[in-house]
Amino acid sequence: MENRIIPQEELSKFGSVQSINEQAKSLIEQQRLTWEVAAKNFGALATIQTKDFDFGHFKITAQFNTERIRSSAAETDAKSIAGRTCFLCLKNLQQKQKGILFQNKYLILTNPYPIFPKHLTISNREHIPQQILSHLSDMLQLSKNLPDFTVFYNGPKCGASAPDHFHFQSGSTNVMRVEKEFDELEKNHSQILLQTNDIKIVAIENYLRRFIAIVASKKELLEEKFKQIFDLLDIKNGEEPMMNVLCNYTKNQWRVIIFPREKQRPSHFFRDDEQKIVVGPASVEMGGILVLPREEDFKKITKKEIEEIYSEVSISKEKFSPVIKKISRLK
């Protein structure tokens, strides 16, 4: 374990290390200098192709990012998982991959296949399944300690390429469209479900994908309401509800965005003709950055396909409506 932890004096060469937030940013710079894979892929972000699609009161950004094919097309069925080594376990990390400890429970690592200018993977030191409920408190604490990052969680069937090993990711804050657009959405396109001095819960529907947002200043209260919402969502075969979760902390309060899901991948992924689009919607995609690892998909995709993709993987109106009605009755 010790040889995977970067010493403070090494990180201090790249800036302040007074906080976990500063250590995390210095870690990325250190890994870019010492790890060829990270250097190449972070460097490529400077010239990466993007294009915006305007849907009126919001936009979707398509990003052509070839290195994300590992995640977008990852085989996550039980047989495939059982047949490969876990790339998040300490013993299997890439040779030059190092990190910093958080609460002696997580290892904060540079994500070598970035989407954001600053992109981290935050993996549990133990090989345990991807299940959010028992780790929500950790997510909230991480976001408070990483104010320059948005911490996000991909459910085991919602974009997690390692559903067998619990982990978060985090990326530069205010890069995802939903973060840029949230204030306008909340003001003009939301339904208030619950509001007190300490917490506000809203629902957004007219956004291609439906979501619930909790804004709270008290950690325990947020955890309580998250658990209640979790229990209201569709649970199949004892598994957790399909969801992606984004979390950040600013102005002394947390904002947690929950995207309930219907499917892991859209029908476009499984086509065997020229209409095939390799896309694996996860938190980043639900947040409004549609990552496309194949250039042909990036060039041909239109608003029509984008609408279809989000419609297929997001919770339907028929399932969302009764959930938000029940949330509005919470005490």
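Glu-205, with which I would like to begin, counts as partly exposed, because its relative accessibility is 25%, and I should say at once that everything I describe today comes from a predicted model. The side chain of Glu-205 meets that of Arg-210 in a salt bridge, with 3.6 Å from N to O. Is Arg-210, the other partner, buried or exposed? At 18% relative accessibility Arg-210 counts as buried, since the cut-off for that word is under 20%, so this salt bridge joins a partly exposed residue to a buried one.

Staying in this part of the chain, let me turn to Leu-208, which is found in the loop between β9, residues 199-204, and β10, residues 211-216. Leu-208 has a phi of about 70°, a positive value, although the residue is not a glycine. That deserves a remark, because most residues other than glycine have a negative phi. As for its surroundings, Leu-208 is partly exposed, with a relative accessible area of 23%.

There is another residue of this kind, Asn-104, whose phi is near 60° and therefore positive, again in a residue other than glycine. Where along the chain does Asn-104 lie? It is found in the loop between β3, which covers 99-102, and β4, which covers 106-110. With 54% relative accessibility, Asn-104 counts as exposed.

Now let me step back to the whole protein, for those of you who are looking at this structure without having seen it before. Its secondary structure comes to 13 helices and 13 strands. The C-alpha trace spans about 50 × 50 × 40 Å along its principal axes. Why may we speak of a compact globule here? For 331 residues, such a globule would have a radius of gyration near 20 Å, and the protein has 19 Å, which agrees with that expectation.

Buried residues make up 53% of the 331 residues. If we take the contacts between residues that are at least 6 apart in sequence, 66% of them join residues at least 24 apart. The accessible surface comes to about 14700 Å², and carbon and sulfur atoms account for 48% of it.

On the side of charge, the protein has 48 positive and 42 negative side chains, and the centres of these two sets lie 1 Å apart. How many salt bridges does the structure hold? The number is 26, and besides the pair I opened with, I would like to go through a few others.

One of these is between Lys-25 and Asp-148, whose side chains meet at 2.8 Å, N to O. Lys-25 lies in helix α2, residues 20-34, whereas Asp-148 lies in the loop between α6 (136-145) and β6 (149-154), so the pair ties together parts that are 123 residues apart in sequence. Lys-25 counts as partly exposed at 22% relative accessibility, and Asp-148 is also partly exposed, with a relative accessible area of 34%.

A salt bridge of a more local kind joins Glu-308 and Lys-304, which are 4 residues apart in helix α12, residues 303-313, and are therefore separated by about one helical turn. Their closest N and O atoms are 2.6 Å apart, and Glu-308 is partly exposed, with a relative accessible area of 28%. Arg-294, Glu-296, Asp-297 and Lys-300, for their part, are joined into one network by salt bridges that share partners.

Arg-294 also leads us to Phe-64, which is found in strand β2, residues 59-64. Setting aside residues up to four places away in sequence, Phe-64 touches Ile-48, Gln-49, Leu-292, Pro-293, Arg-294, Glu-295 and Phe-298. Phe-64 counts as buried, because its relative accessibility is 13%. To give a sense of distance, the C-alpha atoms of Phe-64 and Ile-199, which are 135 residues apart along the chain, are separated by 38 Å.

The last residue I would like to show you is Ser-72, whose place is in helix α4, residues 69-72. Which residues are in contact with Ser-72 once its neighbours within four places in sequence are left aside? They are Arg-265, Phe-269, Val-278, Val-279, Gly-280, Val-291 and Pro-293. With a relative accessibility of 3%, Ser-72 counts as buried. Pro-293 therefore appears in both lists, since it is a contact of Ser-72 as well as of Phe-64, within the cut-off of 4.5 Å between heavy atoms.

Conventions
Residues are numbered from 1 along each chain as its sequence is written. This is a predicted model: local features need pLDDT of at least 70, side-chain atom pairs count only at pLDDT 80 or more; totals for chains, interfaces and linings use all residues. Side-chain values use heavy atoms; hydrogens and water are left out. Helices (H or I, at least four residues) and strands (E, at least two) are DSSP runs, numbered from the N terminus. The radius of gyration is taken over C-alpha atoms; the globule rule is 2.2 Å times the number of residues to the power 0.38. Buried means under 20% relative accessible area, exposed over 50%, partly exposed in between (1.4 Å probe, protein chains only). Accessible areas come from the Shrake-Rupley method with a 1.4 Å probe; for residues, only the protein chains shown count as cover. Lys and Arg count as positive and Asp and Glu as negative; His and the chain ends are not counted. The place of a charge is taken as NZ of Lys, CZ of Arg, CG of Asp or CD of Glu. A salt bridge is a side-chain nitrogen of Lys or Arg within 4 Å of a carboxyl oxygen of Asp or Glu.
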